[in-house]
Amino acid sequence: LGLVSRLGPHGGAYAVPLLPFLDESQSVAVLPALLRLDKGDLTEALAALAHAEPPPLAPRALLLQLHLLKPEDGERGVPLKALIDAVQACINEREVFTRAELTAALEEVVQLDPLPLLTMRTIIQTMVNWPDAATAVMGLLRTLLEREVWATKLWGGYVRCCTMAMPLSRELFYAMPPAQLEAALASHPDVKQKLVAHARAERGAVPTAALGVLGL
């Protein structure tokens, strides 16, 4: 497998027939080579890993390892688009990457430092593909807010996700620091209208700082 990783763009193709027979550490080691395959071959390779009996990497472990890979970063670096395609291919395998597996993986992802670049994209795709994961997603978003996600490159995706999740995400908007809440609402006036209407009806449940941003 060390040889496979040194064979460049075509190295992953040599590893594909071996995937069902690898152990966990070998599977992790070969991931960068697999992510240099073209999209169709990459999807087939990930499916082979996921559907192996037993899989060398549990679904949540595979998702976690994909998020740990750094785009275009030295020897283990892979193209960002390949990482996006790989995570999406996993999400599309709904029988293997179930709601429980996705949310379990994401619970680990949101604790990583630094937060992986694909964190918000994966959370959004989980919410889109598994609407009944909304409660778990709110927990993930709460964790990210506690980790001051507004200070990272993920903030734009975070706000987008909260916007998509309204009205479940109301409390997350209210919990944002005033400056971040004001900026978020300036970009999403429709959300501001909904929050104002709610705050007027449930004023006692809304933090004073948020009321100030809402002009109440």
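# Close-up views of an all-helix chain

**View 1. Helices α6 and α8 side by side.** Helix α6 (residues 80-92) packs against α8 with the two axes 11 Å apart and an angle of about 25 degrees between them. That angle makes α6 roughly parallel to α8, and the crossing of the pair is right-handed. From α6, the residues Ile-84, Val-87, Gln-88 and Ile-91 take part, and they meet Arg-121, Thr-122, Gln-125 and Asn-129 of α8. Sorted by class, this contact of α6 with α8 has three nonpolar, four polar and one charged residues. Please keep in mind in every view that the model is predicted.

**View 2. The whole chain, to get your bearings.** Before going further into the details, here is the setting. The protein chain holds 14 helices and zero strands. Its C-alpha trace spans about 65 × 35 × 25 Å along the principal axes. Of its 216 residues, 48% count as buried. Among contacts with a separation of 6 or more, 63% come from residues 24 or more positions apart in the chain.

**View 3. Helix α8 meets helix α10.** Here α8 (residues 119-129) appears again, now with helix α10 (residues 155-164): their axes come within 9 Å and cross at roughly 15 degrees. With an angle under 35 degrees, α8 and α10 are therefore roughly parallel to each other. The crossing in which α8 passes α10 is left-handed. On the α8 side you will find Met-120, Ile-123, Ile-124, Met-127 and Val-128, and these meet Gly-157, Tyr-158, Arg-160, Cys-161 and Met-164 on the α10 side. By class, the contact of α8 with α10 has eight nonpolar, one polar and one charged residues.

**View 4. Thr-126, a buried residue of α8.** Staying with the same topic, look for Thr-126 in helix α8. How buried is Thr-126, as a relative accessible area? The value for Thr-126 is 0%, so this residue counts as buried. Setting aside neighbours within four places in sequence, Thr-126 is in contact with Leu-102, Thr-103, Leu-106 and Ala-133.

**View 5. A stacked pair of rings in α10.** Which kind of ring pair do Trp-155 and Tyr-158 form? A search of the whole structure finds one aromatic pair. The ring centres of Trp-155 and Tyr-158 are 5.3 Å apart and the ring planes lie at 10 degrees, so the pair is stacked. Both residues belong to helix α10, where they sit three residues apart, about one turn of the helix. Trp-155 is buried, with a relative accessible area of 15%, and Tyr-158 is buried too, with a value of 0%. You have already met Tyr-158 in View 3, among the α10 residues that α8 meets.

**View 6. Phe-173 and its surroundings.** This view centres on Phe-173, which lies in helix α11 (residues 170-175). At 1% relative accessibility, Phe-173 counts as buried. Leaving out residues up to four places away in sequence, Phe-173 touches Val-159, Cys-162, Thr-163, Met-166, Leu-181, Leu-185, Val-191 and Leu-195. Look also for Ala-184: between its C-alpha and that of Phe-173 there are 8.6 Å in space, and the two residues are 11 apart in sequence.

**View 7. Helices α12 and α13.** Two of the residues that Phe-173 touches, Leu-185 and Leu-195, turn up again here. Helix α12 (residues 178-187) and helix α13 (residues 189-201) pack with their axes 5 Å apart, at an angle of about 115 degrees. The contact is formed by Leu-185, Ala-186 and Ser-187 from α12 together with Pro-189, Val-191, Lys-192 and Leu-195 from α13. By class, it has five nonpolar, one polar and one charged residues.

**View 8. Backbone details in three loops.** Where does the chain have a cis peptide bond with omega of about 0 degrees? That bond joins Asp-113 and Pro-114, and Pro-114 lies in the loop between α7 (99-109) and α8. A cis peptide bond also joins Met-166 and Pro-167, with omega of about 5 degrees. Pro-167 is found in the loop between α10 and α11. In the loop between α9 (134-146) and α10 lies Glu-148. Although Glu-148 is not a glycine, it has a positive phi of about 60 degrees. Glu-148 is partly exposed, with a relative accessible area of 44%.

How values were computed. Residues are numbered from 1 along each chain as its sequence is written. This is a predicted model: local features need pLDDT of at least 70, side-chain atom pairs count only at pLDDT 80 or more; totals for chains, interfaces and linings use all residues. Side-chain values use heavy atoms; hydrogens and water are left out. Axes are lines fitted to C-alpha atoms, for helices over the stretch in contact, and angles run from 0 to 180 degrees between N-to-C directions. Helices (H or I, at least four residues) and strands (E, at least two) are DSSP runs, numbered from the N terminus. Angles under 35 degrees count as roughly parallel, over 145 as roughly antiparallel, 65 to 115 as roughly perpendicular and the rest as oblique. A crossing is left-handed if the near helix is turned anticlockwise from the far one by less than a right angle, and right-handed if clockwise. Contact means heavy atoms within 4.5 Å. Ala, Val, Leu, Ile, Met, Phe, Trp, Tyr, Cys and Pro count as nonpolar, Asp, Glu, Lys and Arg as charged, and the others, Gly among them, as polar. Rings of Phe, Tyr and Trp (its six-membered ring) pair if their centres lie within 6.5 Å; planes under 30 degrees apart count as stacked, over 60 as edge-to-face and the rest as tilted. Buried means under 20% relative accessible area, exposed over 50%, partly exposed in between (1.4 Å probe, protein chains only).
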